[in-house]
Amino acid sequence: MKLTLLEIVQDMLVASDSENVSTVGETEDAGMCVNIANREFEKLISKFRWRHTRSFERLDITAVAHEMTLP
């Protein structure tokens, strides 16, 4: 089951006995939890070679505005 950022922040706030929030930017504690979650995500995504991060495709731009295609 995939958790949303709000659910992760709410779980972190419950674990630290802080007040519950309904949005991620509602309190200063919630903002700190967002920073911690983002930092850990960046560490996790850069540590392993995930299938979706192995190669990057270059987009081909056509003469038509706002149209890009994958090779």
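**View 1. Leucine 3 and a nonpolar surface patch.** Leucine 3 sits in the segment before helix 1, which covers residues 5-15. The model shown in this and the other views is predicted. Leucine 3 has a relative accessible area of 44%. That makes leucine 3 partly exposed, because the range for this label runs between 20% and 50%. Leucine 3 helps to make a nonpolar patch on the surface. Its partners in the patch are Met1, Leu5, Ile8 and Val24. The patch has an area of about 470 Å². In soluble globular proteins, nonpolar side chains tend to be buried together. Here, a set of nonpolar side chains lies at the surface.

**View 2. A nonpolar core with valine 21.** The largest nonpolar core has six residues. They are Val9, Leu13, Val21, Ala30, Cys33 and Val34. Helix 1 and helix 2 are the elements that each give two or more residues to this core. Helix 2 gives the most, with three residues. Valine 21 comes from the loop between helix 1 and helix 2. Is valine 21 buried or exposed? Valine 21 has a relative accessibility of 4% and therefore counts as buried, since the cut-off is under 20%. Across the protein chain, buried residues make up 10% of the 71 residues.

**View 3. Two loop residues and leucine 6.** Valine 21 and leucine 6 are 15 residues apart along the chain. Their C-alpha atoms are separated by 8.5 Å. Glycine 25 also lies in the loop between helix 1 and helix 2. Glycine 25 and leucine 6 are 19 residues apart in sequence. In space, the C-alpha to C-alpha distance for this pair is 9.5 Å. Glycine 25 has 64% relative accessibility, so this residue counts as exposed. Valine 21, in contrast, is buried.

**View 4. The backbone at aspartate 17.** Aspartate 17 is another residue of the loop between helix 1 and helix 2. What is the phi of aspartate 17? The angle is near 55 degrees, a positive value. Most residues other than glycine have a negative phi. Aspartate 17 is not a glycine, yet its phi is positive. Aspartate 17 has a relative accessibility of 72% and counts as exposed.

**View 5. Negative charge gathered on the surface.** Which residues gather in a patch of negative charge? They are Glu19, Glu26, Glu28 and Asp29. Aspartate 29 belongs to helix 2, which covers residues 28-47. Its relative accessibility is 34%, so aspartate 29 counts as partly exposed.

**View 6. A salt bridge in helix 2.** Side chains of opposite charge can pair when their charged atoms come close. Glutamate 40 and lysine 43 meet through their side chains in a salt bridge. The N to O distance is 3.4 Å. A salt bridge needs a nitrogen within 4 Å of a carboxyl oxygen, so this pair qualifies. How are glutamate 40 and lysine 43 placed in helix 2? They are three residues apart, so about one helical turn separates them. Glutamate 40 is partly exposed, with a relative accessible area of 40%. The count by this rule comes to one salt bridge.

**View 7. The order of helices and strands.** The protein chain has two helices and two strands. From the N terminus on, the elements run α-α-β-β.

Note on methods:
Residues numbered from 1 in each chain as written. Predicted model: local features only at pLDDT ≥ 70, side-chain atom pairs only at ≥ 80, totals over all residues. Heavy atoms only, no water. Patch = residues over 30% accessible without salt bridge, like charges linked within 9 Å, V, L, I, M, F, W, Y side chains within 5 Å. Areas by Shrake-Rupley, 256 points an atom, 1.4 Å probe, with all protein chains shown as cover. Helix = DSSP H or I, 4+ residues; strand = E, 2+ residues; numbered from the N terminus. Buried < 20%, exposed > 50% of the residue type's maximum accessible area, 1.4 Å probe, protein only. Lys, Arg positive; Asp, Glu negative; His and termini not counted. Charge placed at Lys NZ, Arg CZ, Asp CG, Glu CD. Core = buried A, V, L, I, M, F, W, Y, C linked by side-chain atoms within 4.5 Å.
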